[in-house]
Number of protein chains: 2
Amino acid sequence: MMITTKGRNALKVMIDLAQHSGEGFVSLSDIAERQRESLKYLETSAKQLSTAGLVVSARGKSGGYKLSRPADEYTVAEILLSGEGSLAPVSCLEEGSAPCENAGTCCTLPLFKELDEVIMKFLNSKKLSDLA
Amino acid sequence: MMITTKGRNALKVMIDLAQHSGEGFVSLSDIAERQRESLKYLETSAKQLSTAGLVVSARGKSGGYKLSRPADEYTVAEILLSGEGSLAPVSCLEEGSAPCENAGTCCTLPLFKELDEVIMKFLNSKKLSDLA
DNA sequence: ATAATCCCCATATAAACGGTAGGAATAACG
DNA sequence: CGTTATTCCTACCGTTTATATGGGGATTAT
């Protein structure tokens, strides 16, 4: 599986925020209820989105989250990346991973590089506003 | 990760067989040596390919495996599928999995269906003969 | 103060991943 | 018939990842 619940939850939070933009800060408990997800689990995704700068958070009563830019300026790729860390279809293409020692002679690597490009091209072409 | 060592090994076996077609049955130990993979681990991939009908096997001395069709009649997709079971980018699109109860209202499902199509279109367009 | 909210850290459970081990069945070959 | 090379079958095992859950601390509007 390339995209797990982490990425999907990140996306769900962002879609919900996009659908309720202009309402100030939206609390996670509201999002959890609408999206039928566990509040506790969504907290993880929301914090990652906040750390990545994709959303702005406000603590305390009547706090919550809101988008930091217009919805059409987010690509689906960057949202999923915030949840997943990597979207590479094979481990040898993950950034930060130990480079495969057979990379020079591997007969499959070029194929997977192409696949990665196809996937990223698609996910970069999709905007958050296309989903909300 | 969408494509693990299982799929990659299936592909490596097929590529090796394609490169040595016309030599009759090729033993797994030869393939393991050339591809620098464990014989024991490749056995799993080879058996799956055999069960799926992608290769023909012969037991006993001077046995081994060979392709059951010309190399240009295999898509990379079917080879990877034999190793992975599924290439779906999200679990809710895997065949045989319990259908997601929120499928009707899920705001992300259409996106992932599109992504799945993009991936499968690419992997179906690539032939084994392109890699060998 | 109080209640609502995000933030931080730790834990739990199950499944998947990446193999390994031992041996049975089969077939060629001398 | 015995040896050897091979696929086939079943089981196991340690590590990592996935999917969460729980408790409590920090912050802030009211």
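Let's start with how the two copies meet. In this predicted model, 100% of the interface residues of chain A are also interface residues in chain B, so the copies meet through the same surface.

Now the symmetry. Take chain A and lay it on chain B. That needs a turn of 180 degrees and a shift of 0.0 Å along the axis. The RMSD is 0.1 Å. This is the relation of a two-fold axis. Which C-alpha of chain A is nearest the axis? That of M2(A), at 2.3 Å.

Next, DNA strand C. There are 26 residues around the strand. Those that come nearest are L28(A) and S57(A) from one chain, and T4(B), S38(B) and G60(B) from the other. Which elements give two or more residues to this surface? In chain A, they are α2 (28–35), α3 (39–51) and β2 (64–67). In chain B, they are α1 (5–19) and α3 (39–51). α3(A) gives the most, with four residues.

What about the classes? The surface near DNA strand C has 14 polar residues, eight charged and four nonpolar.

One residue to look at: S38(B). We just met S38(B) among the residues that come nearest to DNA strand C. Where does S38(B) sit? In the loop between α2 (28–35) and α3 of chain B. Buried or exposed? S38(B) is exposed, because just 11 other C-beta atoms lie within 10 Å, and the cut-off for exposed is 12 or fewer. Along the chain, S38(B) and L28(B) are 10 residues apart. Their C-alpha atoms are separated by 9.8 Å.

Definitions and conventions. Residues numbered from 1 in each chain as written. Chains lettered and ligands numbered in written order. Predicted model: local features only at pLDDT ≥ 70, side-chain atom pairs only at ≥ 80, totals over all residues. Near = placed C-beta within 6 Å. Nonpolar A, V, L, I, M, F, W, Y, C, P; charged D, E, K, R; others polar. Buried ≥ 20, exposed ≤ 12 C-beta atoms within 10 Å, placed from the backbone. Least-squares fit on C-alpha atoms with pLDDT ≥ 70 in both. Contact = placed C-beta atoms within 7 Å.
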